[in-house]
Amino acid sequence: MKQLESILKTILIFVVCWGLVTACNKQQEKYGGQTFITSLGDPPVEFIIWSPVDQNQILVTASEIGQGRAEIYILDLSTNKKDVLAQTENGDMWAETWLPDGKKILIFVSPDTVEFEKGGYWLIDTSNHSLEFFGESGRQIWSPNGRMIATYIVDQKPGTNFREVKLHLLDIRTNTDEIIYEDAGTQMLFGFSWSPDSENLVYSVGDYTSSNLYVVNIKTKALTKITFDGSNDVPVWSPSRNIIAYAKVHNGLAPSIHLVRPDGSCDIKLSTLGDARSPTWSPDGGKLAFGLQMGFIIWRLTKYLARMDTKLCVPKFLIRLKILYYQRRLIVSLTSIFYIELSLESTNTRQLNI
Amino acid sequence: MHGVEYIVSNGVHMSVGKPVKIGDGNPYGLPPSITGDWQSLGSVEGWYDRGNNSIVLNPNEGYKDDEMPSAWGLATIIHEAKHLEQGRLTKYGELEAWQIGFRVAEKLGHYGTDGINPGSMESNILKLSLSDNQATINQFSSYVQTYDSGYYFFFQFLPDR
């Protein structure tokens with residue numbers, strides 16, 4: 001009898017352990033962790049922009065400082081293969097944005113880039129790599145519904161210090177153009193991004209000493225300032241939630257990545273890792289990638305998103321029922337744990353070298 | 001403008017040099033230097049030679065004696081002129097010269113009419129305050145390591161200020 005009890009106990013322990021391990025593995029698969037993409041190649045990775053439709057495709061700009069070698073390629077995260085879309089041995093270029101369907105990208109090419117007949121904005125078809133000149137000026141982003149284009153234009157009078165910046169909204173269906181921000185002075189735009197419902201736009205305005213984020217409603221033109229100190233740049237709105245990721249610099253020192261709600265509440269510093277830059281969301285809004293010193297990192301944000309989903313912006317708790325077998329008795333206990341365990345978020349780490 | 005005035009008033013010579021090649025006696029493809037004091041903006045676009053009071057553009061980067069340099073080439077000249085004016089190469093001096101080089105390149109249209117890309121290396125370096133405090137120098141060093149690891153190999157041995 002005792003032997004049978006001992007066997008049953010062993011089986012029970014084995015089943016419980018197996019269950020725990022399986023659950024953890026499943027959770028790891030489901031929640032992933034961090035992926036370091038190491039830029040071992042030359043030139044180094046400068047910017048990344050995640051595809052709006054494909055979880056596995058990240059658009060990478062790798063370039064030397066100024067005039068030199070540069071390449072723009074799509075990195076497939078599942079195969080770790082590069083699909084080079086454009087490259088130069090002597091020039092300067094960077095990827096600006098994907099078009100909403102993920103079939104084309106917009107790049108900027110410096111006027112002295114030898115492989116291109118002229119400088120300006122070019123569209124590249126990602127399937128056949130064909131090039132189409134798009135225009136000499138005007139940094140653009142398409143709204144997720146594809147109906148509007150936000151354009152940033154700088155008007156600089158040659159030989160003078162006159163400089164005017166304007167943020168336009170172009171309605172593609174009605175061909176109407178509207179200016180939603182303008183400044184004739186030293187101000188610059190440090191990035192802009194659409195909300196997933198295409199109804200709001202977040203943009204960063206300022207100079208090299210300080211810049212802040214503003215959210216404007218396209219219909220009502222209601223403007224909300226959401227940051228108030230330091231430099232707050234390159235805002236990117238989550239494609240699935242009302243959360244904005246951005247890079248913050250305090251006192252001109254190491255930039256860090258922050259998350260904030262569009263009303264300015266729940267501002268969370270996401271990373272203390274050095275030189276964090278160019279945040280970009282995965283198409284499902286569950287992961288955020290951003291540049292670091294030796295490449296970039298992909299970070300699953302389950303814990304942070306859960307916190308931002310709470311009204312008071314506090315870490316979410318989960319009440320868990322535990323059933324234990326101890327000395328021939330079943331013990332029922334209630335335990336509260338963090339919604340997502342830190343250890344699970346950090347253990348599934350892999351490194352890709354590009 | 002100040003850089004141009006410095007070049008003119010100090011009679012700084014400018015030229016396109018002989019090609020710099022990696023090989024015996026020059027394992028890193030460094031520019032020839034009389035004083036052991038050289039500099040560049042970007043991928044060895046050019047260098048200064050304090051002994052001869054001159055700035056040299058690298059023909060390997062496409063510069064020719066009979067052609068106007070690109071906007072980046074002109075920015076490189078101003079960058080090198082700043083080093084000549086500084087008199088001594090330091091980490092802080094490099095920050096100052098990089099910032100000047102980027103601003104000139106932007107003014108001359110290297111980044112197009114819309115200017116430097118937000119979030120770029122140039123943008124991050126221009127955000128550093130021109131102050132020679134240790135935190136700023138450390139942050140600049142970190143950027144050099146990130147964006148120009150080849151040059152960092154030499155940069156790390158420079159005095160801070």
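## Exercises on a predicted two-chain model

Chain A contains three helices and 27 strands. Keep in mind as you work that this is a predicted model.

**Exercise 1.** Find out what percentage of the residues of chain A count as buried, and how its contacts spread along the sequence.

*Solution.* Start with burial: chain A has 354 residues, and 37% of them count as buried. Next, take the contacts in chain A between residues at least 6 apart in sequence; 40% of these join residues at least 24 apart.

**Exercise 2.** Work out the strand order of the open sheet that includes E10 of chain A, and say which strands stand at its edges.

*Solution.* Step one is the order: the four strands run E10-E11-E12-E13 in chain A, with antiparallel pairing. Step two is the edges: strand E10 (139-142) and strand E13 (176-184) of chain A have a single partner strand each, so one side of each lacks a neighbour in the sheet. Step three is the angle: on average, neighbouring strands of this sheet are turned by 15 degrees against each other, direction ignored.

Now zoom in on one pair. E10(A) joins strand E11 (residues 148-156) of chain A over four bridges, in the antiparallel sense. Ile141(A) has Ala150(A) in E11(A) as its bridge partner.

**Exercise 3.** Describe the side of chain B that touches chain A: which helix gives the most to it?

*Solution.* First, count: 37 residues of chain B are in contact with 42 residues of chain A. Then look at the helices of chain B: H2 (71-86), H4 (121-126) and H5 (134-147) each supply at least two residues to this side. H5(B) gives the most, with eight residues. Finally, sort the residues of this side of chain B by type: twelve are nonpolar, 20 polar and five charged.

Note on methods
Residues numbered from 1 in each chain as written. Chains lettered and ligands numbered in written order. Predicted model: local features only at pLDDT ≥ 70, side-chain atom pairs only at ≥ 80, totals over all residues. Contact = placed C-beta atoms within 7 Å. Nonpolar A, V, L, I, M, F, W, Y, C, P; charged D, E, K, R; others polar. Buried ≥ 20, exposed ≤ 12 C-beta atoms within 10 Å, placed from the backbone. Pairing = 2+ DSSP bridges. Axes fitted to C-alpha atoms, helices over the stretch in contact; angles between N-to-C directions.
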